[in-house]
Amino acid sequence: MSDNWKTICAKADLTPNTGVCALLEGEQVAIFWESKNDKLYAVSNYDPVGEANVLSRGIMGSIGEKIVVASPLYKQHFCLETGACLEEEEHSLKTYSVRELDGEVQLQVA
Amino acid sequence: MSKQRIVVVGNGMVGHKFIDNLLQDEKRDDFEIVTFSEEPRLAYDRVQLSAYFSGSTAADLAMTDEGYYNQNGVNFVLSDKVVEINKADKYVVTENGRKEAYDKLVLATGSFPFVPPIPGKDQEHCLVYRTIEDLEAITASAKESKVGVVVGGGLLGLEAANALKNLGLKTHVVEFAPRLMAVQLDEGGGKLLRGKIEELGVEVHTEKNTQEIVAGEECRFRMNFADGSFLETDMILFSAGIRPQDELARQFELETGERGGIVINNNCQTSDENIYAIGECALWGGRIFGLVAPGYTMAKVAVSHIASQGQGGSEEFTGADMSTKLKLLGVDVASIGDAHGNTPGAQSYTYNDEVGQVYKRLIVSEDGKKLLGAVLVGDVEAYGNLLQMMLNDMDLPESPEGLILPSVDGAASAGLGVDALPETAIICSCYDVTKGQLQEAVANGAVDMAGIKATTNASTGCGGCAALAKQVLDSELSSLGYEVKNDICEHFEYSRKELADIIRVKKIKTFDELLESHGKGHGCDICKPAVGSILASFWNDYILKEEHMSLQDTNDIYLGNMQKDGTYSVVPRVAGGEITPEKLIVLGEVAKEFGLYTKVTGGQRIDLFGAQLQDLPLIWKKLVDAGFETGHAYGKSVRTVKSCVGSTWCRYGVKDSVGFAIDIEDRYKGLRSPHKLKFAVSGCTRECAEAQCKDVGVIATENGWNLYVCGNGGMRPRHADLFATDLDDETLIKYVDRFLMFYVRTADRLQRTSVWLENLEGGLDYLREVIIEDKLGICEELETEMAANIGNYQCEWKTTIENPEKLKRFSHFINSDERDSNLAFVKERGQIRPATKEERIAAVEIVDAVEALNSAESIAEAEVA
């Protein structure tokens, strides 16, 4: 795999409009499936405000045009496209490349 | 300068109000306050006295307590009447010989009940209705009586009649005048009131002059009337008027009125400038004011004058409006201004509906432009508007009759827009709140009635101004550009209540369905849990079904309460707080095996902390196998029913509170609601289960259960309200079924029952009408909905552990069995807890939770200072 994609799980393992947490080379990555447009997103699983590894367990939604997840701890909203924290600029998330290939969910290794 | 000594004689409602106002004054530190009361207790709400007979205690009626006075340096002496005033040397002497000097003296001695000089009036079972001691005597006498007569058909007399009726006596009202409430109502109104009261089974006898009270044949007494008729009764309650307690004034030469009362000027000063008189004992402009609101105004004026130290600019008392609106024996009556049309030239409009039992009369000025007074019986909705019109001297509309005629063809009645009211208009007379003050409250952030009540106290007294206050609120909100929208979020243009109706009526079963038909966008963390909750309330599906999964909030989604580090707590249900030794042992063993932190909760059950995702299914399998169920500690749902020991073991218990608590908890467990619901059942009035701060509280009495609703602890504690008394198990359950489903249907998102009630138009009375009298005709539906919920109940954890697909989700990673490496615990008091940031940095010994508990030698203990 020259462009370094790692299979995490089967697409069928995901529940629509929820997140799961992947272990990628020692990093925790939250993968979300937005099922209306059948789009995948991946951001860091670590909530920089609540300081715990919980973002994959948050509720997804939209604020205006942005697709976001709300942290389960204190409900800050993070844009899944860019990783930006809507309430606190300084706490943005690292984003990852994610795709579906042949029914599998894959993350790109750096 | 040393402090001025203020001595207050009498600690009734007005005396206490004076003290309270003085304590709030900015000059309060200039004064030292001493007060004497002839009663054995501090001020209590005499206006709500009748509540004593529907379950309220003396403590409930108390307006203050020793703690408050002590904290504020107010010296108080109870059961000691002031009997002498020395005006020259400025001191008073009490019955017990205590001498107290004063700089200013305030007489707030109130009144005493007038008993007409009828031979035989001093016998046992001939009582009056004023103090709590009187009520205790009435209650005691009622136990030995079957028939009761109230002498006096005025305001207080009818309240007393209600009390006797509630005590189970055959009740009669005997009135000297030709009609009831002769002061406030005219002939037409009095006639209608009589009719309605008689329908309730209370017999009314007017134009009866009692000559003597002698021994009766069938009852204890016989009352012989001047016209030759008689009436037999076992108890006689005199409520024939009040007389001011002005003996001190008479004896010590302060000016009094011909027919009683201590004369005061506009500053509430008596004929001695250092002595004030306020409340019912005072006479101003030849009038005594027998309502509490004018008394409060006098208290305010007296404080203002005393605090001003004679430098002028203080408030003045210039009379008070005696308009009143109340409910007597369930009948709405209201009287405004010159109800009898005594003003020269006055004319009237009258609407008398004998079929609908409504009577309304307007008294207008000779030129027809101004409203002078009004009488309303049976329908008092117009009271607020009419009162404002009269008080603010506003011009009547073109066709004033429209104010009292029912609207025809849906045309809006010729009412009064609140916008026409001046800012100085007093909306709430109990707390002296003007329209301007309400507007200010809105500008400062109050957006609903609960907010208005909290910041201004408007509508928290008699509640008569509620409709008007709300009109001011709404008008102000819209003029501030605030769209009185209650949309739940950007995705739905509906309030939670509207969504609940849509879901229920159209039988919508999923969020996607609802979003498709009534919403836009992708939903969010506001609407998804709210809709999830509504769906659960009506259809009670397993919440982790695929179509509901994405709606679940932080704690529901993994059926556990997420803690600050992402681990979870485990709370099995312990219905009624009762648990066997065997089950306790299981909990201890599970906690040990998994290295969990244990603590007993306020809800009388046990909480296990520190469980990681992958451990949850294992933990719960052990719990379910041992007979436990989920405790729903993670949901906006029914939580627990606390109980006290009750009659099974306790010396004082009157009923089996534990048994009933368990039944109730087992019935409602699993119900999801707009906010969490907490219950309690106490086995006697000592109330050890603290039911009065619960959403649903139950207290046992000898006659059955008393049901309380809409209380809560937490950020804004609120005492529950007494809803119904003397209920048997079945009736109580029926009411609670209905109450809960009505709350589920109509509350706002995350609105506790207390706030919901505060915002409910018509308040507790309306709630009783809906739940007990079935005013909306929905009770059968409500009960059916509850029954469906109960029928669909399943233990969510049991369902989950039996479902391998669902169990797969209980893992930190989807592609690994590894645990979250970021977790760190330290030990404190023999158990684990999450390490703080500082502890991590300092590399304090991090403890492996399970090993810490299991292995004695290999532990490196981190002692936490």
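**Reading strands, sheets and contacts in a two-chain model**

Author: A10(A) stands opposite E104(A), a residue of β11(A). The structure in which this pair is found is a predicted model.

Reader: How should such a pair be read, and how many bridges join β1(A) to β11(A)?

Author: The general idea is that strands of a sheet pair through backbone hydrogen bonds, in either a parallel or an antiparallel sense. Here, β1(A) and β11(A), the latter spanning residues 104-108, run antiparallel and are joined by five bridges.

Reader: What is the strand order of the sheet that contains β1(A) and β11(A), and which strands lie at its edges?

Author: This open sheet has three strands in the order β1-β11-β10 of chain A, and its pairing is antiparallel. β1(A) and β10(A), the latter at residues 98-101, are the edge strands, each pairing on one side only. On average, neighbouring strands of this sheet are turned by 35 degrees against each other, direction ignored.

Reader: β1(A) is also listed among the elements that touch chain B. How many residues of each chain are in contact, and which element of chain A gives the most to this side?

Author: In general, the size of an interface is often given as the accessible area lost when the parts come together. Here the description is by residues: 25 of chain A are in contact with 24 of chain B. On the side of chain A, two or more residues each come from β1 (5-10), β2 (19-24), β6 (52-53), β7 (59-63) and β8 (66-70). β7(A) gives the most, with five residues. By character, the residues of this side divide into 15 nonpolar, six polar and four charged.

Reader: Turning to chain B, what is the order of its five-stranded open sheet, and is the pairing parallel or antiparallel?

Author: The order is β9-β16-β10-β11-β12 of chain B, with parallel pairing. Its edges are β9(B) at residues 126-128 and β12(B) at residues 203-205, each of which pairs on one side only. The average turn between neighbouring strands of this sheet is 25 degrees, direction ignored. β11(B), residues 170-174, pairs with β12(B) over three bridges, and V173(B) stands opposite V204(B).

Reader: Which helix lies across β10, β11 and β16 of chain B, and at what angle to β11(B)?

Author: Helix α5(B), residues 155-166, lies across these strands and runs at about 165 degrees to β11(B).

Reader: Why can β33(B) be called largely enclosed?

Author: Burial is counted from neighbours: a residue is buried if 20 or more other C-beta atoms lie within 10 Å of its own. In β33(B), residues 677-682, six of the six residues are buried, so the strand is largely enclosed by the rest of the structure. Both faces are covered, with L677(B), F679(B) and V681(B) on one side and K678(B), A680(B) and S682(B) on the other.

Reader: Which strands pair with β33(B) in the parallel sense?

Author: β32(B), residues 638-643, pairs with β33(B) over four bridges, and β34(B), residues 696-701, does so over four bridges as well. V681(B) takes part in both pairings: V681(B) is the bridge partner of S643(B) and stands opposite V698(B) in β34(B).

Reader: Is the β-α-β unit of β32(B), α19(B) and β33(B) left-handed or right-handed?

Author: The unit is left-handed, with helix α19(B) formed by residues 657-668.

Reader: How many residues of helix α8(B) are buried?

Author: The helix is mostly covered, with 13 of its 16 residues buried. α8(B), residues 292-307, reaches 22 Å from its first C-alpha to its last, close to the 22 Å expected at 1.5 Å a residue. Just after α8(B), Q309(B) takes a positive phi of about 50 degrees.

How values were computed
Residues are numbered from 1 along each chain as its sequence is written. Chains are lettered from A and ligands numbered from 1 in the order in which they are written. This is a predicted model: local features need pLDDT of at least 70, side-chain atom pairs count only at pLDDT 80 or more; totals for chains, interfaces and linings use all residues. Two residues are in contact if their C-beta atoms, placed from the backbone, lie within 7 Å. Ala, Val, Leu, Ile, Met, Phe, Trp, Tyr, Cys and Pro count as nonpolar, Asp, Glu, Lys and Arg as charged, and the others, Gly among them, as polar. Two strands pair if DSSP finds at least two bridges between them. Axes are lines fitted to C-alpha atoms, for helices over the stretch in contact, and angles run from 0 to 180 degrees between N-to-C directions. The expected span of a helix is 1.5 Å times one less than its number of residues. A residue is buried if 20 or more other C-beta atoms lie within 10 Å of its own, exposed if 12 or fewer, and partly exposed in between; C-beta atoms are placed from the backbone. A crossover is right-handed if, with the strands pointing away from the viewer, the path from the first strand over the helix to the second runs clockwise.
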